[in-house]
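Me: I have a model open and would like to learn how to read it, one feature at a time. Could you walk me through it?

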Amino acid sequence: MPRFSLIVPCFKVQGFLRECLDSVLEQSFHDIEVIAVDDRSPDGCGAILDEYAARDPRVRALHLPENVGLGRARNAGLPYATGDFVFFLDSDDTLVPGALHAIADRLAESGDPDVLVFDYARTYWWGGTRRNALAEVLGARSDTFTVAEHPEILDLLMVVWNKVYRRDFVEEHGFRFPPGYYEDTPWTFPVMLSAARIATLDRICLNYRQRRQGNILSTTSRKHFDVHDQYLRVFAFVDSRPELADWRPYLHRKMGEHCLDILAKPDRLPPAARAEFFRRTAELYRALRPEGAGLGVLGGSYTGYRLRQQAGRAGREAGRQALRVRRAAGVRTRRALSGLRALRPLDENLVLYSASSHRGLLGDPAAVYRAAREIAPDLRGVWVVKDEEVAAELPAGVEHVLLDSPEYLRLTARAKFFVNDVNWPGALVKRPGSVHVHTHRGTPLKYLGADLLGKPGARLGFDVPQMLRRADRWDHSLVANRHSELVWERAYPCHFTSARTGSPRNDVLVDAARTGPGGAGAGAGGSAGAGVVGGGFRERFGIPADHTVVLYAPTRRDYVRGGHTDRIDLTGFAADLGPGHTLVVRLHPALATGPARGLGLAELHRRGVVVDATGEPHVEEVMLASDVLVTDYSSIMFDYANLDRPIVVHADDWPAFTASRGAYLDITAEAPGHVSRSYRELVWLFTSGGWRDEESARLRADFRSRFCEFDDGRAAERVVRTLLLGEPMPPAAARVPEPASGHDLLAST
């Protein structure tokens, strides 16, 4: 008996069917059967199913004598299902790699519930991907529950394909799909209301294809009137079970919202049928109305409904127009205020800080701010933050101002110093005499600034000329090495001076390296980071003191829409590292809120397979807690090298990465440690101990001498004394006498 029976109904999907079946059959979990139902498809679907059934014994092809529709095609496959759980997969959708393994693990963990609900992502025909907007509902409970205990579960899309069902539970209740459109409605509501044990999996397991055309529900037809009959079936089910009577008000509201949503879609109903659809919806809504419930917009006429819709659209457009007018007036006001305030002298002691697009006390600006508070307490440091939520997370005693607020406008007109690692907003006017210190965010490997002009895919969404106009305000550009100095002057052809200060945020790493093994910030979770960034990473995540912590920090890809691609199977890597190891994963900040974390990372963190450090605000603390870094092409390697701990570069797609984004040096030729070109090589480096051999140490030493050139642990102090206070201070001692040569690509590109 297989674990899963996947029922795949097929009708006019020959262009997508192979991709769907391959996504199932190539899963790492093999204990499955596929029951593919040819719903008398007029194209090549039947032949494709026969081909797959002939070459894979797990596939069974059923050919129906006549077309019966999606729901009844699913019914046709059910009698042939022998698995513990049934999975209804639409034939134009695909499973993500590792989905069935993750589902099987969660089912075992939760004791085989009646229903398991998992996450999905919409994938659009033009290449975009968007995660389910209500994904947080799936992570709210780790135990099993009923809908009464966790009603928010019904706020998710009520479809059949984002769930798996215990087959005995389905057979016991006799659940079947009715004919017609919206057949998922009278399946999912009865199933969810009947389930005694529901579990969730906070992981994207399925890609829900948003087709440009051909989707049944996007076809203009009177078949959309079927939704009324489907809700009648739902209410008949509830009426047959007195214990479910309390759900009638909820279902009544859902029905009204669903029907009005169909009416609002321009591609669903023929224009001549729209008034009739409204009337039938209103009649059904009145007939099924629970005692005391109102009718709302369905209590009036279709003409009144249309007038309200038109008034709403007009109001929204008027609001948008008013917002545009207010914004234009605001720009004029800011310019006028800036002109008036420019008549007032600059405040020589006022320093404005910002980091990571106004996301709080982070990075190099934070290190400069802390040093200034100690060295120059007369300087008034004020942080610019984007909203009240960020402001609430600031440490006590940190003065702040909200972006674009009246106080922000007042301070930006008077401040002498501006310290930022990302460009300030375009509306900010630089006054003569003000000093802008740009810290950047690490040593550059991939192309930036003007160099993106030759990489159209990588500069998607970037306005390079505007970026350079903002960079024209820089007075000082901080560099940690001469490589960075060359890059910034090339990528940002503006009028700034390179300041060989080192990277302030790396001071804590340099100090930790000086203490040596067992000292502050060492592999056992020392305290060097505690006074700077909060410390205690290992303790907070329960990592045993004797574990070797492997930090995996991949970067984003410009050749993939959305930027994320799974280069490593995290579950397999964590297992291959073996006992005594903890795998910590930190995705690129640009991927932190996208679908990437839903592709298993959040669930693996919950289960204790890995530690997800993507949301940790202070990357320095994560680095201090680790013993070795595995990365591909993230600039974190340049910072991490200051710790003098092993680094492994996993470069399995280096040609594709450089072709799409461009790189200033060949990191595979001048790597900070061993380079793996495949997952097999990566695992061998750890199982053999090669990741920390003498060759690794030699490569790391060469890398540090070049790219940690000016990092001496006093960068923040140097910025404060020389750039803010104008005091003399010894320059950072360079580790190499001349700029390195060799594989640097600056000259050739």
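Me: Let's begin with helices packed on strands. Which strands does helix α19 lie across?

Reply: This is a predicted model, so take what follows as a reading of a prediction. To describe such packing, name the helix, then the strands under it, then the angle between their directions. Helix α19 (residues 570–577) lies across β17 (548–553) and β18, and runs at about 150° to β18. You can read helix α24 (residues 679–688) in the same manner: β17, β20 (628–631), β21 (647–650) and β22 are the strands it lies across, and its angle to β21 is about 165°.

Me: In what order do the strands of that open sheet come?

Reply: To get the order, step across the sheet from one edge to the other, rather than along the sequence. Here the six strands of the open sheet come as β19-β18-β17-β20-β21-β22, with parallel pairing. The edges are β19 (611–612) and β22 (675–676); each has a single partner strand, so one side of each has no neighbour in the sheet. At the β19 edge, the partner is β18 (residues 581–585), and the two pair in the parallel sense over two bridges. If you want a residue pair to click on, Val 585 has Asp 612 in β19 as its bridge partner.

Me: How would I read a strand that is not at an edge? Which partners does β9 have, and how do they run?

Reply: Look for the bridges on it, and check the direction of each partner. Strand β5 (residues 94–95) is joined to β9 by two bridges, and these strands run antiparallel. Strand β6 (residues 115–124) is joined to β9 by ten bridges, and here the strands run parallel. For landmarks in β9, use Leu 206, the bridge partner of Leu 95, and Gln 210, the bridge partner of Tyr 124.

Me: And is β9 largely enclosed or left open?

Reply: Burial is counted residue by residue, with under 20% relative accessible area as the cut-off. Strand β9 (residues 198–210) has twelve of its 13 residues buried, so the rest of the structure largely encloses it. A general point helps when you look along any strand: in a regular one, side chains alternate between the two faces of the sheet.

Me: How many residues of β11 are buried?

Reply: In strand β11 (residues 380–385), five of the six are buried, so this strand too is largely enclosed by the rest of the structure. On one partner, strand β10 (residues 347–354), it pairs in the parallel sense over four bridges, with Leu 350 opposite Arg 380 in β11. Strand β12 (residues 400–402) is another partner, parallel to β11 and joined by three bridges; in β12, Leu 402 is the bridge partner of Val 385.

Me: What kind of unit do β10, helix α11 and β11 make?

Reply: Follow the chain from strand to helix to strand, and note the handedness of the path. With helix α11 (residues 363–375) between them, β10 and β11 make a right-handed β-α-β unit.

Me: Now a single side chain. Is Leu 509 buried or exposed, and what is it in contact with?

Reply: Start with the element it belongs to, then its accessibility, then its contacts. Leu 509 is found in helix α16 (residues 507–515) and is buried, at a relative accessible area of 0%. Beyond its neighbours within four places in sequence, Leu 509 is in contact with Glu 620, Met 623, Leu 624, Asp 639, Asn 642 and Leu 643. Ala 641 shows the fold at work in another way: 132 residues from Leu 509 in sequence, but 8.8 Å away in space, C-alpha to C-alpha.

Me: Last topic: how many salt bridges does the structure hold?

Reply: There are 51. For each, ask which residues pair, how far apart the atoms are, and how accessible the residues are. Arg 18 and Glu 51 meet in one, at 2.8 Å, N to O. That pair links distant parts of the chain, with Arg 18 in helix α1 (residues 14–25) and Glu 51 in helix α2 (residues 45–55), 33 residues apart. Arg 18 is partly exposed at 35% relative accessibility, and Glu 51 is partly exposed at 31%.

Me: Is Arg 248 buried or exposed?

Reply: Arg 248 is buried, with a relative accessible area of 18%. Its salt bridge is with Asp 239, where the closest N and O atoms are 2.7 Å apart. Salt bridges can also join up into a network, and here one links Arg 557, Arg 567, Asp 632, Asp 652 and Asp 653.

Notes: Residues numbered from 1 in each chain as written. Predicted model: local features only at pLDDT ≥ 70, side-chain atom pairs only at ≥ 80, totals over all residues. Heavy atoms only, no water. Buried < 20%, exposed > 50% of the residue type's maximum accessible area, 1.4 Å probe, protein only. Pairing = 2+ DSSP bridges. Contact = heavy atoms within 4.5 Å. Axes fitted to C-alpha atoms, helices over the stretch in contact; angles between N-to-C directions. Salt bridge = Lys/Arg side-chain N within 4 Å of Asp/Glu carboxyl O. Right-handed = clockwise from strand over helix to strand, strands pointing away.
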